[in-house]
Amino acid sequence: MDDPVLRVQSQLTGRDRVLLGWLYDHGVLTSFQIAHALFPSLDFCQRRLRALYRLRLVARFRPQRADGGSYPYHYVIDQLGAEVVAAGRDERPPRRDHARVERRRWTSSRTLEHRLGVNGFFTALAGYARTHPDARLGDWLSETACQRSGLFTRPGDPALVRAYQPRVRPDGYGLWASGSTVVPFFLEFDTGGEPLSVLVRKLVGYREWFGTVGRVWPVLFWLHSAARERNLRRVLAETSPLVPVATGARDHAATAGLCPAEAVWAVVGGNGHRQTLVDLAAWVIDDRDLTGEAA
């Protein structure tokens, strides 16, 4: 019997497999995000995406702008692509309607802008790493993946690992490395739709989470404007953050021509100087409690 998964395997590059895995895990990426993260040019990227589209590995749609015209192609996993990813991970095959459900989800989703924003943050890091040999995006986990029981715990009490459910839902988790320095982090991607008090209350859940797993790393608030960032920092200064927090503003970074890997982060309670993402390694505590004593 002709197996389409086996038939297509020989036509895939390592870069293709990375892309298919991202689409399977993170839902949707634009052609510009894919090009920046994985390809030396947009033209090269678009040619390869067309080939993957013809092979029925990826699907695409193009939202219309309210003021006329359209956005760039948005890519999602197609059914064969999902089956290829599952086979490569030695997982059970996805449902037969997996790709159709996912495509419908994102073409009609009110959260599309937020998801693209989160994914754009991580593809910006991947693009930086592509052109900086010492840098590497080691892990990129989705909001759903962050909720898996025991994912961030060290070997310990199995009952605790099974029972604990985080009270917060990060928009993503990343592991950024430069040289021998490694920085794990949680991302909170802010669109400006929530009151600042809601953002601050999330830190209670993060403190509980870090206390449970015995590990601490920065929580990054990636805010849509410098004004929003100033207001959040003012509130945090009045409440004393419970965990390491760094803030950055997307409009500030864009104006300065910087990406999230570069000096766009200000640590709450620090000296106010902007730091690179790898600089935040100073706030990582591994296998220690929140007081700094050995766990």
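The domain assignment splits this chain in two: domain 1 covers 4-109 and domain 2 covers 113-286. The model is a predicted one. The centres of the two domains, taken over C-alpha atoms, lie 26 Å apart.

**Overall form**

The chain holds eleven helices and eleven strands. Its C-alpha atoms fill a box of roughly 60 × 50 × 35 Å along the principal axes. The radius of gyration is 20 Å, which agrees with a compact globule, because a chain of 295 residues would then have a value near 19 Å.

**The domain interface**

Contact between the domains involves 17 residues of domain 1 and 13 residues of domain 2. Together the two domains bury about 1,200 Å² between them. Carbon and sulfur atoms account for 59% of that area. On the side of domain 1, His26, Gln33 and His36 lose the most area to domain 2. These three residues make up 44% of what that side buries.

What polar links cross this interface? Seven residue pairs are in polar contact between domain 1 and domain 2, both residues at pLDDT 80 or more. Salt bridges between the two domains number zero.

Which elements build the side of domain 1 that touches domain 2? Those giving two or more residues are listed here.

| Element | Residues |
|---|---|
| helix H2 | 14-26 |
| strand E1 | 29-30 |
| helix H3 | 31-38 |
| helix H6 | 98-107 |

H3 gives the most, with five residues. By class, this side of domain 1 has nine nonpolar, six polar and two charged residues.

**Salt bridges**

Although the count between the domains is zero, the rule finds 13 salt bridges in total. One pair is Asp78 and Arg103, whose side chains meet at 3.9 Å, N to O. This salt bridge links distant parts of the chain, with its partners 25 residues apart. Asp78 sits in the loop between strand E3 (74-77) and helix H5 (79-88). Arg103 belongs to helix H6. Helix H6 is also among the elements that give two or more residues to the side of domain 1 touching domain 2.

Technical notes
Residues numbered from 1 in each chain as written. Predicted model: local features only at pLDDT ≥ 70, side-chain atom pairs only at ≥ 80, totals over all residues. Heavy atoms only, no water. Domains from an automatic or database assignment. Contact = heavy atoms within 4.5 Å. Buried area = accessible area lost by both parts, 1.4 Å probe. Salt bridge = Lys/Arg side-chain N within 4 Å of Asp/Glu carboxyl O. Polar contact = N/O pair within 3.5 Å; in protein donor to acceptor, adjacent residues only side chain to side chain. Helix = DSSP H or I, 4+ residues; strand = E, 2+ residues; numbered from the N terminus. Nonpolar A, V, L, I, M, F, W, Y, C, P; charged D, E, K, R; others polar. Rg over C-alpha atoms; globule rule 2.2 N^0.38 Å.
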